[in-house]
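Please open the model in your viewer and keep the sequence panel beside it, since each stop on this tour asks you to select something and then look at what surrounds it.

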Amino acid sequence: MREHKEVEENKNNIVRIRLELKDDYLSDDQKRMLKRYGESSTGDSIVRDILMPIDMPLHNLHYAIQKLFGWQNSHLRSFHLPEEKYEALTEGTVKGWSDLVGVLFQPPSEAEEDLFWDEDYEKGSINTWLKKKYTGPYRYGGTIEHEAVAKQDIKVLLDHFDMIEVRESFRDFMARSKQDGSKETKVIKTAPLIELTLEEMNASVALEGGTESLLERLEVNQVIASQSETLATDELIPITQELIYKYDFGDNWNVHMTKYNDCSDLLEQNLVSEAELVEAQATVLCKHQPVCIHKDGLSVLDDVGGLSGFADLLGVIYEGEDKEEKASLSAWAKSMGWHVRKSHPQKML
């Protein structure tokens, strides 16, 4: 009773986020594999619903996402806004983007040592290491995401390209090359970098990290608004009703995140009980860590080729006719830490 009262008094310090791993280009057969063998209720996606501390930054959420979906933090990642929101914020210009560097977006520097300042895993249980990363208190120990440092970084870029040859986009080059057989992109104008559109800059300057990655020191609750919340037009934060986590840019995993005001839908569908919910909320408050309260779909694994590749893996393991191939893939998946053991959602983190 006392625990329930404490939760009620402090539940405003708890945030619910839905994480949906999906691929818009799954074939019907791949969807069938995910539904039949991947324990996905729809066959379209794999879902996790979590409760998390209100002050949890994107940086620490990254580690929780790794654990929730079965990855082992072995590839690059980034947090992005939906494309239309990004375009609206930046107005598609270098000026619009650069003004938000250090406020919302990471600077263009490629200083990986700083971006991944706490990647200190050496040996032992990767799951134990991950848990330490998503358990509070939270802090940002890097340098480059601090606004003053990020602003200086973008200034260096703009000063370096005070005048630049602007080349046509790859799309325009391909269209033109089909007509005249050209082998090189064409210079269309010369101008300062700050005066260009983002499309013009990306066609002319190679920024390895791109321009869309959000600062990971930002708190999740600051960035994302609930589905029922109206975004204010005169305030920058919160900025979106959907956030996208990208992992392994080769396999191209995409987790779409949305925020909910409460858990009434899960309670109504009997996907979680009132007692389980109170227990999870108490854990978030007392241990300062996220808790999974609902899962739909098996965990996946690294280096399998994205969600479509995972569906194909399930197809071979469960319906493949080549016994040697089935055994080989099963052994490889196991070596990657993948298993199909049943686990309670609240035991996932």
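Select β3 and β6 (residues 243-247) together: these two strands run antiparallel and are joined by four bridges. In this predicted model, you can follow the pairing residue by residue, for Arg77 has Tyr247 as its bridge partner in β6, and Phe79 is bridged to Tyr245 of β6. Now show the side chains of β3, where Arg77 and Phe79 point one way while Ser78 and His80 point the other way, all of them buried. This fits a general pattern, in that the side chains of a regular strand alternate between the two faces of the sheet.

Widen the selection to the whole sheet, which is open and consists of six antiparallel strands in the order β3-β6-β7-β1-β2-β8. Which strands stand at the edges? They are β3 (77-80) and β8 (291-296), and because each has a single partner strand, one side of each is left without a neighbour in the sheet. If you look along the sheet, the twist from one strand to the next averages 20°.

Next, add the helices that lie across these strands. Helix α3 (residues 58-69) lies across β1 (14-22), β2 (45-53), β3, β6, β7 (253-260) and β8, and its direction makes an angle of about 115° with β3. Helix α13 (residues 274-287) lies across β1, β2 and β8, and runs at about 55° to β2.

From the end of α13, move to Gln289, which sits in the loop between α13 and β8. Is Gln289 buried or exposed? With a relative accessible area of 8%, Gln289 is buried, and if you leave aside residues up to four places away in sequence, it touches Leu51, Pro53, Lys131, Tyr134, Thr135, Tyr138, Thr283, Val284 and Leu349.

The pockets come next. Display the largest pocket, whose volume is about 840 Å³, and centre the view on Ser78, His80, Gly209, Gly210 and Ser213, which are the closest to its centre of the 31 residues that line it. Two of the residues just named, Ser78 and His80, are those you saw pointing the same way from β3. At least two lining residues come from each of β3, α4 (83-90), α6 (112-115), α10 (198-204) and β6. If you colour this lining by class, you will find 12 nonpolar, 10 polar and nine charged residues.

The second largest pocket holds about 440 Å³ of space. To find it, select Lys67, Gly70, Ser299, Gly337 and His339, which lie nearest its centre among the 23 residues of its lining. Both α3 and α7 (126-134) supply at least two residues of this lining, and the largest share, three residues, comes from α7. By class, the lining of the second largest pocket divides into seven nonpolar, nine polar and seven charged residues.

How many cavities of 30 Å³ or more does the structure hold? There is one, and its volume is about 40 Å³. Select His59, Gln106, Asp114, Leu115, Trp117, Tyr140, Glu145 and Glu216 to show the residues that line this cavity, which comprise three nonpolar, two polar and three charged residues.

The last stops concern the backbone, and a general point helps here: most residues other than glycine have a negative phi, and most peptide bonds are trans. Select Gly136 and Pro137, where the peptide bond between them is cis, with omega near 10°; Pro137 belongs to the loop between α7 and α8 (147-160). A cis peptide bond also leads from Ile237 to Pro238, with omega near -10°, and Pro238 is placed in the loop between α11 (220-223) and β6.

Move on to the loop between β6 and β7, where Asp248 lies. Although Asp248 is not a glycine, its phi is positive, about 55°, and its relative accessible area of 7% makes it buried. Asn252 is found in the loop between β6 and β7 as well, but counts as partly exposed at 45% relative accessibility. Draw a distance from its C-alpha to that of Leu307, and you should read 8.6 Å for two residues that are 55 apart in sequence.

Finish at Asn270, in the loop between α12 (264-268) and α13. Its phi is positive too, near 60°, and at 69% relative accessibility Asn270 counts as exposed.

Conventions. Residues numbered from 1 in each chain as written. Predicted model: local features only at pLDDT ≥ 70, side-chain atom pairs only at ≥ 80, totals over all residues. Heavy atoms only, no water. Pairing = 2+ DSSP bridges. Axes fitted to C-alpha atoms, helices over the stretch in contact; angles between N-to-C directions. Contact = heavy atoms within 4.5 Å. 1 Å grid on protein atoms, 1.4 Å probe; cavity = no way out; pocket = protein on both sides within 12 Å on 5 of 7 lines; lining within 4 Å. Points joined across faces, edges and corners; volume = space filled by probe spheres on them. Nonpolar A, V, L, I, M, F, W, Y, C, P; charged D, E, K, R; others polar. Buried < 20%, exposed > 50% of the residue type's maximum accessible area, 1.4 Å probe, protein only.
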